[in-house]
Each structure stands twice: as structure tokens, then as C-alpha cells.
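Visitor: I would like a close look at one part of this protein. Please take me through a single helix and the loops that come after it, and then set that part against the whole chain.

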Amino acid sequence: MYYSNGNYEAFARPKKPEGIDQKRAWIVGGGLAGMAAAAFLVRDAQMPPANITILEASKVDGGALDGAGNEVTGWLLRGGREMESHFECLWDLYRSVPSLEVDGSVLDEFYWLNKEDPNFSYNRTTRNAGEQGGIDPNFNLGERGIKDLTNLVLALPEDLYDKRINEVVSKRFFKSTFWLYWRTMFAFEEWHSALELKLYVQRFIHDIAGLADFSALKFTRYNQYESLVLPLKRYLQDAGVTFQNDTRVIDVRFEISKDYKQAKTLTWIRGGQQEDVDLTRDDLVFVTNGSLVENSRWGDHHTAPEFDPQIHEGGSWDLWRKIAAQDPSFGNPDNFCTHTEESYWESATITVKDERIRKYIERITKRSTNTGHTVTGGIVTVEDSPWLLSWTVNRQGQFKNQPDNQTVVWFYGLFGDTPGTYVKKPLRECTGQEITKEWLYHLGVPKDEIEELSEEQSVITRPCMMPFITAFFLPRNGTDRPKIVPEGVVNFAFIGQFAETTRDCIFTTEYSVRTGMEAVYQLCNVDRGVPEVFASIYDVRQLFKATSYLRDGKPLPLPRVISKMVEKNEAGLLLAQYGVIKSEGDVPPPSEAVSAKGV
Ligand SMILES: Cc1cc2nc3c(=O)[nH]c(=O)nc-3n(C[C@H](O)[C@H](O)[C@H](O)COP(=O)(O)OP(=O)(O)OC[C@H]3O[C@@H](n4cnc5c(N)ncnc54)[C@H](O)[C@@H]3O)c2cc1C
């Protein structure tokens, strides 16, 4: 397997790998990683689809990419997906998946939608019970905060192994608007991995200009189950791939010698019965190791959700533990699954029925809610909330069957243990109604209206507790995550958020698709480049632009010797065009693909 970029490889079709007709694929986990692996097996490895089986524990496919519920008991979204143009593997996949909405691919649908209805926000924050924070274009990092970020980007990954963010940056950094925007957008805690923060800053350096107002982001039309999972499932089923649901894979046993490591038996439980499959080298096994939504539990309007940190047989953590016990190169699941107090947070889906609440929402969004178009344009963060709560209204209806008079709001809080401002209880102990009260308070609803508007005739709130939601952000070293195909393995791959690949960052749909693609290309010898992670960190234009934004537009004082070197030449012109140095006279805007402003 190798990486590539550019059109030549992007548009090329790989030749059919030798011997592929004799091979079979067993894919454990019907989330995005597993379904993507199946799609790349069909399209690029050209494996006969009848030879491919997806083994999924749940009755429903899509894993974390959910969208469920109904208009009576409330709609259910554990999360919503911020996406961007440079999810290279994801768009490589979805260019081939027919849309269920338009005459074209899912990529076409997404591209047209986001061209016609681009995302941006009018209020990134609020404070003081509904006071609008607008968009602060200044990141307010100060020289110290900028130095922290620069040091992080320059650090060698190994120097950040097992380090927390609060061990490597200053207190000043945590006071910046940059950190407030960044942590709430990506769900970082101060005790999370410094290495992961580094990877994120590098990976999304090209989005820094569109960070404050979210113009860097793109969203699907509906929830991701309907917009991403269903078309992919249809594509796979039409091709002839088998979906075997209600199947909990409980073990994969390996034969390990000094020359090779081969998966020999796969064991699952289905309908209460245990079944074993003997595997040959032609049986390729793809395992989603670890899941961010394992043990997620729903509460309701009158009940707080249960917190279940246990590892259960038949889940992804238990399976990974059994696999990892067989060889050191299979990773260290306990690094991620045994610290749930540091990895949990809670979201809630708020189904608004009352027109009066919609009016309060619209005061902040500055857009009508139920038009089918962008509403908040990304999350709105309540910067003085002890829960550090954020909420968002994506395009309505978020669900195809959602009635016109309902508005679905997604809500989450980064701090689950501190009492709220209005309800005075920690988020994790709150019922849906209590969460609603806290949210209404911060929305600016007068106190004397809150009780009535939080009742079930006005709103249904369903909280969701996710003990492992940021497990992948916990500090780690270079071997805690196994390589996609570990050293010496002949018929097995790890896929998903806990498999190791270069430069990309976790907690994204892209990461799941990338690991699925890399796994298939490696195990099947697909002779086409996997698109490399978008190389903006190696593009001086992007670096110059980011420098200008991180400095809040303040010119960089260059040492005299450097100023002389860039005087009246291309380097000086670029520095001026992207705002790093003050321009002498008129500077033409760049005619390149990388604009000096926004995305
Ligand atoms: C709240 C939230 C917000 C998010 N925000 C964003 C975002 O803004 N942008 C973005 O790009 N991404 C976002 N993501 C991340 C993205 O949704 C996930 O990374 C991705 O969907 C994970 O897919 P996966 O297939 O790797 O794993 P999962 O979705 O976890 O799938 C694993 C599957 O394996 C199954 N399984 C587990 N154990 C077994 C077993 N033993 N046998 C059989 N099956 C098993 C599970 O049932 C599950 O279906 C978010 C996710 C959440 C939850």
C-alpha cells in the first residue's frame, strides 16, 4: 500500500488483484469503518460481493452514525457530524455510492447542497443567559499561546507520548478564544492527549480561517443514518454483500509463529448459539476494535441515563482485549477503556414542539428554524455554562419523517460533574426535563417561563450517556493503537478509531473510512494509491494564512536579515498576500486555490 495525491491516481481504476476470487472477507462491526471496508473490497479489490459478510452485534447498521426515534417519544441523535472538503477517503468512497435523494452520487448531493446552502454561523457563543457573543475573529492567544501552539506543531510525536495537553501548554493558552472554539468544536478536555491535539492542529490547519464562524464546515441534509448509512447499505446490498446482524463476535484466535500471524478461528454468538468458523489464509478478517458509542444509554424526559462503564462480552472492547492478549503488536485496549471518568460525556436530543421556544432559538441563530436550510451553522457554545454546554440546530427536518412543527436540537456538555447554573445539578444526574431547563435558561428564556416550557407538551428531551465517547483522546504512546495490519499478520486487519495510521486524526468519519480503505488495500494488494491526508501542513500558503489568523491579523515582526531576504521577491509577495507581513503598497490577492480569507 502506498499514498498518493492528485488526479492521476484519484481517477485511475486499479487492476483486479490476483487470486481475489478465491478470497472471503469477514468484517466485524457494521459501523462506517466496516461498511467502507466492504465497499472498497467490492469497488477496488473487486472481490465477489457474495464472498463478503458484515457481522454486526446490533439489529441496526451504522454504529455511531445513528438517527432514530419518533415524533411521539422524541428523536434520537447521539451526535451530528461536522465534515469538510478534505475528507479525502470518505469522498473517494461516496463518489461511487448512489444518492437516495438526487440523480447522482452521495458526493454530488452533498456538494450541490453545500454550494447552495453554505454553512456559517452568526453567533458562535452566548453568555449571561442568552446574550449574543457573535463571532470573535480574534483568537486572543497572545505571544505565549502562539508559542504553545507552535511548539506543539514542531514537537516530535514521541515526545508527546502519554502526555496530557495541560502538561505541555501554558495556562494562558487555556484562556484563549482559540481554545474555547477548538475544544468545544472537537470535544477536547485539558487532560486529553497532547499528541492528539498536535495531530488535530496539523490536520485541520487549512480550516483555521473558517474556525470562528464555522465557514470551514459542511453538513449532510439529514441525520447521518439517513444521509450516509442508508445509501451505503443500499449500494452494498445491491452488489450482493451479506449483512449478518444480531451477531456478537466474541473471539478471533491466531496462530502465531516467528514468520507469520494468522487468524485461524472466528467465534460468534447468534440467537444464543455459539458458532466457530475455521479460517484459512484466504479468509480476510477486518475487526473494528473499540467503539466510542459502546454502552451508550438513553434516558428520557423524566429519567437520567444510566452510566455503564463495564466491559461486556460480545462488545468491541472485550473482543479487542482477547485479541490483544495474543500478541504485543495487537495494541493495548485498557489504555482507552478503563478511564471512563476521563472519557465520558453526555449529549441530548431535544425535540422542540412549542413555537415560543423556536422564537428564542431564532433570536440567536438569526435564521428561521424549519426551512430545510442551515440554521445555527454549527454549535453555539454557552461560554459561561458550568457544563460548558453547546447546542446546534442542523437542517430541518433532520429526519425524513419529522413533522413540520417539530425542531430537533442536538445538545452536549463537556463537563458532566459540575452543577448547572439554573438546575444546580451535575449534567450526568439530570433528566431530560432538567437539561431542558438549563438550556432554556441559557437561551435567554425568562425564569418565569422556564418551568412551563420545559414540560413534555412543549419539548421532549432524551439524554444520552456515552462512557467511551472520547476514549481515543486519552493520552497514549506509539503502540497502544495497533497498526491497521500489524507486523507479520497475513489475513487480519484492525479498522476504525483505534487502529493506527499516519497523520490523520480520530473522532472523524474520515478516519473510519481511511482505516477501512488502508486495510483492504493492504490485505488485497490493491495497486492504487490511498489518498494521503490532505497535505495543508506542508503548504506554505496555508501556513502563512494560519499564522496571520493565529496572530489575530497582527503583522509578524521579521528580523532585519529576513526582511532583506524577502524584499521585492516572490517570498515577500506571498507573505504579504497571506497577511503575515504588512504590505508595502497594493498587493494583488492570490490567484491560487488557497484564498487569503476564509476557506
Ligand atoms: C457524538 C458524536 C459526535 C461525532 N462528531 C463527529 C463529527 O463532528 N465529525 C465526524 O466526522 N465524525 C464525528 N463523529 C465520529 C464518527 O461518527 C465515528 O468516528 C464513526 O462513525 C465511527 O465508525 P466506526 O465504524 O469506526 O465505529 P462504530 O461506529 O463504533 O461502529 C462499531 C460497530 O461495531 C459493532 N460491534 C462492536 N462490537 C462488536 C462485536 N463484538 N461483534 C459484532 N459487532 C460489534 C457495533 O455495534 C458498531 O455497530 C462523532 C461521533 C459521535 C458519537
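Guide: Keep in mind that this is a predicted model. Take helix α14, residues 355–365, as the starting point. Lys359 is the residue to watch. Its side chain meets that of Glu355 in a salt bridge, at 3.3 Å from N to O. The two sit four residues apart in α14, so about one helical turn separates them. Neither is fully covered. Lys359 is partly exposed at 49% relative accessible area, and Glu355 is partly exposed at 42%.

Lys359 also forms a salt bridge with Glu362. Here the closest N and O atoms are 3.7 Å apart. Lys359 and Glu362 are three residues apart in α14, again about one helical turn.

Now leave the helix. Lys366 lies in the loop between α14 and β15, the strand at 380–382. Its phi is near 60°, a positive value in a residue other than glycine. Most residues other than glycine have a negative phi. Move on to the loop between β15 and β16, where Leu388 is placed. Leu388 has a positive phi too, near 45°. Is Leu388 buried or exposed? Leu388 is buried, with a relative accessible area of 4%; the cut-off for buried is under 20%.

One loop further, between β16 (389–392) and β17 (407–413), comes Gly397. A cis peptide bond joins Gln396 to Gly397, with omega about -10°. Most peptide bonds are trans.

Salt bridges occur elsewhere as well. The count for the model comes to 51. One of them pairs the side chains of Lys564 and Glu567, at 3.9 Å from N to O. Lys564 counts as exposed at 54% relative accessibility, while Glu567 is partly exposed at 47%. There is also a network: Glu84, Arg203, Asp504, Glu510, Arg514 and Glu518 are linked by salt bridges.

Last, the whole chain. It holds 20 helices and 20 strands. The radius of gyration is 24 Å, close to the 25 Å that the globule rule gives for 599 residues, so the chain is as compact as a globular protein of that length. Its C-alpha atoms fill a box of roughly 70 × 65 × 50 Å along the principal axes. Of the 599 residues, 59% count as buried. Among contacts with a separation of 6 or more, 73% come from residues 24 or more positions apart. The chain has 67 positive and 84 negative charges, and their mean positions are 4 Å apart.

Note on methods: Residues numbered from 1 in each chain as written. Predicted model: local features only at pLDDT ≥ 70, side-chain atom pairs only at ≥ 80, totals over all residues. Heavy atoms only, no water. Rg over C-alpha atoms; globule rule 2.2 N^0.38 Å. Buried < 20%, exposed > 50% of the residue type's maximum accessible area, 1.4 Å probe, protein only. Contact = heavy atoms within 4.5 Å. Lys, Arg positive; Asp, Glu negative; His and termini not counted. Charge placed at Lys NZ, Arg CZ, Asp CG, Glu CD. Salt bridge = Lys/Arg side-chain N within 4 Å of Asp/Glu carboxyl O.
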